[in-house]
Amino acid sequence: MNPGTPAVALDARLRELDTGDGPFAPALVAKLDREEAFPDAACQALESFGLGAHYVPTRHGGRLAHYPELVALWRTVARRDLTAAIGHGKTFLGGACTWVGGSPEQAVALGQDVARGARVSWGLTERHHGSDLLAGELSATRTVDGRWRLNGEKWLINNATRGELISVLARTDANGGPRGFSVFLVDKRQLPPSAFRCLPKERTHGIRGADISGIAFTDADVPDTALVGKAGGGIELVLKALQLTRTVAVAMSLGAADQALRLTVDFAKEHQLYERRLVDLPRARRPLGEAATQLLLAEAVSTVASRALHALTPEASLTSALTKAFVPTVINEMISQLADLMGARSFLSDVYAHGLFQKVERDHRIIAIFDGSTLVNRNAVINQFPVLVRAFRQERRDADGLATATTLGAPLPEADLSRLGLVSTAGCSVVQGLPAAVLRLQSLVEQGALPKAVADLAHALKRATDAVHQRMAAQPPSPRDVPPEAFHLAEHYEACFAGAACVHLWLNHVERAPEGSLWRDALWLEACLVRVLSRLTPEAPPGDPGVFDRLADVVVDTAGVFSLLADARTEGAS
Ligand SMILES: Cc1cc2nc3c(=O)[nH]c(=O)nc-3n(C[C@H](O)[C@H](O)[C@H](O)COP(=O)(O)OP(=O)(O)OC[C@H]3O[C@@H](n4cnc5c(N)ncnc54)[C@H](O)[C@@H]3O)c2cc1C
């Protein structure tokens, strides 16, 4: 985070609110979770800060200029309370269809409503149809007076009860199909009470205070102006809006990771055993370095993907799916490893730090489920294997877009959402640019500016990426019965994407990074490459695992937040 950004201002405000009897104070956060109560005061504080305006693109009158800024804002909230972050942030997801496909009048009106504090939910899922959107039964039929009549239920909807508005995916052609659905922005305030019924709050494993409920419509008539985009264009619109939401939603994972890492480092520094501090046991130190590496990988991927929404917009169908599959998975693993180090304190709900560790461990599970599960996102990548194979062979890439997406501080163009596509005909520039980036790293070794061992790791990543593409090329297309091997390959492709994102980011920033930072001796790059290679070549992972111990030294010395971007310390480096 850089001085003067909205995220820094929000962080300063939340520091005042996360102590004493403030709405983000750990004791209160834990109490509300135990009572399964919505964090009203916390969400009210976020509203008073003006967070809602950051959910509205500037072209529609809001303050959302750059998606990386929204990621930074949500991360700031999520590292204090994931329930509040998800409860408040849902409004961005609810508005996304309107930002992508609504008319200017619809978008401006919704923007004004959101800036005034209106909550918007997003109704895609139904009780009997989770990810299978084409099976949705909630219907919208034309009435004789040119309105639309909604009947049916959406279930497991965040803020369905508390929200004033809801974006609803409805079947508008009885035969369904890709052109058989439409999106409606339904204003509950304008419906008679008889037209809808909010369903009871479901009890949940994590984010226990959140309003996870549903809504059932009975002959709910909405005006034609509630239709967002074209009639029949609902599936396409949702798939494009998901590219925005999947990219930024991983901010919740970053915040959860910040919180879990801070709690564990504090614990390991305080806890005494065998007349030493836990943190001084080598076997305890390494997992801290490994956890920090997972956070850095997640941060690198999220940074590149959120910048790519602006700079590589036509590739967002891939970058969003890769990011939503990779980040929550790697942070789930990280939290689980940290839980081992926390020992009993990870399991007790009020003995250490108000039991916040077990809360964040439970809360974070939802990030890999909603907005398209990890498997759904991997399936979206699998569908694009043929183009990825071709484009990698040709080393095709959007060089300017790639440079902008991976250069911290480079000015970002406005995200032109009309350029979002259902598939990326250009493939994925981040991965396709890896061979050229590895050559650049090699030349830095020759100039004495990079340890050879790090360049060797990058070469190993390049070889592993070649091998992944060869296996992808051999994978027969199977749109319906996708074999498990394809999912395994998609997971490996994510690791290639993550490693490539790190290489580009490091190369494009190292010269401007301050002396003594994680950047100058390539410490973070080395750790991340060792980590992704352990995934890609588990039989003989190259590199020195001692790099995790060196990173642990940095983490243990870091008070508060450990972050790649914070360490970059470049004006505008977000
Ligand atoms: C706390 C919470 C909040 C939620 N909020 C919202 C909300 O605000 N709006 C909304 O619309 N929905 C919301 N949901 C619903 C959520 O998006 C769905 O639950 C989610 O899409 C997954 O669906 P499912 O697990 O219910 O069922 P299914 O989609 O049937 O999934 C069952 C299993 O099949 C797997 N699977 C699905 N598709 C594939 C595939 N193509 N290939 C391989 N495996 C696959 C899944 O990964 C999962 O393991 C919420 C859910 C929860 C739990």
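**The ligand shell, strand E3 and a buried Asp**

A nitrogen atom of the ligand sits 2.9 Å from an N or O atom in the side chain of Thr125. That distance, like everything else here, comes from a predicted model. Leu156 also gets in on the act, but with its backbone: a polar backbone atom of Leu156 is 3.0 Å from a nitrogen atom of the ligand. On the oxygen side, a backbone N or O atom of Leu124 lies 2.8 Å from an oxygen atom of the ligand. Taken alone, the ligand would expose 950 Å², and the protein buries 65% of that.

Stepping back to the whole shell, 20 residues surround the ligand, and the closest are Lys90, Trp122, Ser131, Leu156 and Ser373. Sorted by class, the shell has 11 nonpolar, seven polar and two charged residues. As for where these residues come from, the elements that give two or more of them are strand E1 (120–123), strand E3 and helix H12 (374–382).

Strand E3 is worth a closer look. Strand E2 (residues 139–142) runs antiparallel to E3, and four bridges join the two. Across this pairing, Arg142 stands opposite Trp148 in E3. The two strands make a hairpin with five residues between them, and Gly146 in the turn has a positive phi of about 80°.

Then there is Asn158, which belongs to E3 (residues 148–158). Asn158 counts as buried because its relative accessible area is 9%, and the cut-off for buried is under 20%. The side chain of Asn158 reaches the backbone oxygen of Ile86 at 3.4 Å. Leaving aside residues up to four places away in sequence, Asn158 touches Ile86, Lys90, Ser121, Asp211 and Ile212. One of these, Lys90, turns up again among the closest residues to the ligand.

A second buried polar contact brings in helix H1 (residues 6–17), where Asp11 is found. With a relative accessibility of 8%, Asp11 is therefore also classed as buried. Its side chain is not without a partner: the side chain of Asp11 makes a polar contact with the side chain of Arg80, at 3.0 Å.

Key:
Residues are numbered from 1 along each chain as its sequence is written. This is a predicted model: local features need pLDDT of at least 70, side-chain atom pairs count only at pLDDT 80 or more; totals for chains, interfaces and linings use all residues. Side-chain values use heavy atoms; hydrogens and water are left out. Buried means under 20% relative accessible area, exposed over 50%, partly exposed in between (1.4 Å probe, protein chains only). A polar contact is a pair of N or O atoms within 3.5 Å; within protein, one must be able to donate a hydrogen and the other to accept it, and residues adjacent in sequence count only if both atoms are side-chain atoms. Contact means heavy atoms within 4.5 Å. Two strands pair if DSSP finds at least two bridges between them. A residue is near a molecule or strand if one of its heavy atoms lies within 4 Å of it. Accessible areas come from the Shrake-Rupley method with a 1.4 Å probe; for residues, only the protein chains shown count as cover. Ala, Val, Leu, Ile, Met, Phe, Trp, Tyr, Cys and Pro count as nonpolar, Asp, Glu, Lys and Arg as charged, and the others, Gly among them, as polar.
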